[in-house]
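Colleague: I am new to this model and would like a close look at one small part of the chain before I take in the rest. Could you start from a single residue and then work outward, explaining each term as you go?

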Amino acid sequence: MQRRYEILLVVILSALVGILALWKVFLHVGYIYQRDSYPAYYLTSRQLAISLLNFPAIMDNVYIPIVILLYFNLISPEIADWISYFLFPFALAFPSMYFASRYFLDRLTDANDKIKIVTSIIVAFFYAISPTAYYFSHWSNYAAFYALLPALIAGTFYSLEKGGITGAFLLSLFASLTTTDPRGFIFTIFIVLTVLLYRHKKVDLITSLLSILFYVLLNSRLFLYLIFNLHSYVSIGYDISNVQLWLNYYTFNLLDSLRGLSLFRPLVSYLSFYSTPLSHVNLLIIYIFSFAFVELGLLGYIFLKKRSVATYFLLLYLFLVLIVSSNVYFLNHNITLNILYPVWGYFAQTPLYPYLWIFLPTYISEMILAPLYLLVALV
């Protein structure tokens with residue numbers, strides 16, 4: 001009975017988070033317009049659904065229910081656009097992070113249920129309305145990957161613990177949720193491999209290999225499309241790689257990456273009072289506040305009694321931060337990092353160049369916050 005009330009609470013809070021995140025424009029259908037997603041209001045519902053069955057929307061598994069509603073004329077294109085921005089990532093990120101936090105708290109702490117629930121709610125709330133969530137909300141596939149990544153991490157641990165056919169099916173299901181386009185596919189595999197490496201159990205490897213069969217069956221639509229429309233990826237690959245492949249490695253400062261903000265780097269400036277004599281103090285407070293979760297996670301880790309899975313979160317977080325960072329300013333010196341840049345520079349001279357866009361660091365920046373927030377939950 002308590003679990004039912006908890007699920008009901010999460011559903012209600014998920015809806016409220018979406019409303020809170022978009023409160024200024026929540027009641028306006030078609031309220032967000034930006035360069036990559038102008039709503040196709042000139043199409044009928046069925047016409048829009050058919051257009052979404054083409055590249056690249058066909059890759060996004062979690063968007064398929066909206067396509068089905070459109071195809072059967074149950075919602076209009078305007079409502080579909082409204083639902084998309086409401087769900088991705090705000091309303092989906094909350095239950096994803098909540099249940100991931102709850103899962104690890106249940107297994108690694110002795111706290112009572114009320115403390116676990118409150119802790120999970122707080123962490124999930126901040127994850128769902130982080131500046132990173134707002135930034136990626138303009139692209140439903142990026143936003144869906146950001147929202148569902150905590151569920152993938154916890155789901156991978158849970159599936160491997162279950163083992164056998166049940167565990168293999170569950171793992172394929174969790175992996176299918178974050179397969180939002182070819183990049184989501186690649187980085188979903190990355191997360192599963194890191195968990196396998198951390199647990200290093202032979203039985204886990206067997207479960208993960210068995211899950212491939214279920215994954216292929218669940219995503220047969222996707223793989224058939226890739227086989228028969230590979231030219232679509234090749235044709236756009238050159239353009240995307242030319243324009244975007246190198247961008248992030250030149251602009252992601254280490255401090256921005258630590259906060260998981262990457263290209264989007266606010267310093268919570270709405271708390272600042274620049275006209276006051278204490279403006280420099282306010283700016284210092286703002287800067288410290290913008291790193292609050294980083295400080296809590298890194299420093300709190302030292303005092304954790306049970307560090308097993310927390311070590312995985314910490315290592316995954318630090319690895320992602322370093323791999324996406326371009327430089328760090330230290331002791332009046334600007335130190336260049338760009339760890340991946342030489343790798344892509346090498347592959348750019350090979351026939352693989354049209355496919356390098358699949359490894360764009362945009363997804364890496366989306367992955368940074370999930371392990372950090374899960375670490376904070378344990379702290």
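Where is Leu-48 found?

Modeller: Leu-48 is found in helix H2, which covers residues 45–52; helices here are DSSP runs of H or I with at least four residues, strands are runs of E with at least two, and both are numbered from the N terminus. Please keep in mind that this is a predicted model, in which local features need pLDDT of at least 70 and side-chain atom pairs count only at pLDDT 80 or more, while totals for chains, interfaces and linings use all residues. Residues are numbered from 1 along each chain as its sequence is written, and side-chain values use heavy atoms, with hydrogens and water left out.

Leu-48 counts as buried because its relative accessibility is 11%, where buried means under 20% relative accessible area, exposed means over 50%, and partly exposed lies in between, with a 1.4 Å probe and protein chains only. If residues up to four places away in sequence are not counted, Leu-48 touches Ala-40, Leu-43, Leu-70 and Pro-77, a contact being heavy atoms within 4.5 Å. One of these partners, Pro-77, lies 29 residues from Leu-48 along the chain, yet the C-alpha atoms of the two are separated by 7.1 Å.

Moving outward to the whole, the protein chain has 20 helices and two strands, and 51% of its 379 residues count as buried. Among the contacts with a separation of 6 or more, 75% are accounted for by residues 24 or more positions apart. The accessible surface of the protein chain comes to about 18,900 Å², with 72% of that belonging to carbon and sulfur atoms; such areas come from the Shrake-Rupley method.

Helix H4, residues 77–108, is a useful next stop, and its axis comes within 10 Å of the axis of helix H20, residues 369–378, with a crossing of roughly 45°; the axes are lines fitted to C-alpha atoms over the stretch in contact, and angles run from 0 to 180 degrees between N-to-C directions. That angle makes H4 oblique to H20, since angles under 35 degrees count as roughly parallel, over 145 as roughly antiparallel, 65 to 115 as roughly perpendicular, and the rest as oblique. The crossing of these two helices, H4 and H20, is right-handed, a term used when the near helix is turned clockwise from the far one by less than a right angle, with anticlockwise being left-handed. H4 brings Met-97, Ala-100, Ser-101, Phe-104, Leu-105 and Leu-108 to this contact, and H20 brings Ala-370, Tyr-373, Leu-374, Ala-377 and Leu-378. By class, the residues where H4 meets H20 are 10 nonpolar, one polar and no charged, with Ala, Val, Leu, Ile, Met, Phe, Trp, Tyr, Cys and Pro counted as nonpolar, Asp, Glu, Lys and Arg as charged, and the others, Gly among them, as polar.

Within H4, Met-97 deserves its own look. Met-97 is buried, having a relative accessible area of 0%, and beyond its neighbours within four places in sequence it is in contact with Val-123, Ala-124, Tyr-127, Pro-150, Ala-370, Tyr-373 and Leu-374. Val-123 is 26 residues from Met-97 along the chain, and their C-alpha atoms are separated by 7.4 Å. Helix H4 also holds Pro-89, which is joined to Phe-88 by a cis peptide bond with an omega of about 5°.

Two other helix pairs can be set beside this one. The axes of helix H7, residues 140–162, and helix H8, residues 164–177, come within 8 Å and cross at roughly 170°, and H7 and H8 are therefore roughly antiparallel to each other. Their contact, that of H7 with H8, has 10 nonpolar, five polar and one charged residues. Helix H16, residues 292–302, packs against helix H17, residues 308–324, at an angle of about 130° with the axes 11 Å apart, and this pair, H16 and H17, is therefore oblique. H16 passes H17 in a left-handed crossing, where Val-294, Leu-298 and Tyr-301 of H16 meet Ala-310, Thr-311, Leu-314, Tyr-317 and Leu-318 of H17.

Finally, there are two loop residues to inspect. His-200, in the loop between helix H9 (182–199) and helix H10 (202–218), has a positive phi of about 35° although it is not a glycine, and His-200 counts as exposed at 64% relative accessibility. Leu-331, in the loop between strand E1 (327–330) and strand E2 (333–336), has a positive phi near 50°, and Leu-331 counts as exposed at 64% relative accessibility.

Terms used. Accessible areas come from the Shrake-Rupley method with a 1.4 Å probe; for residues, only the protein chains shown count as cover.
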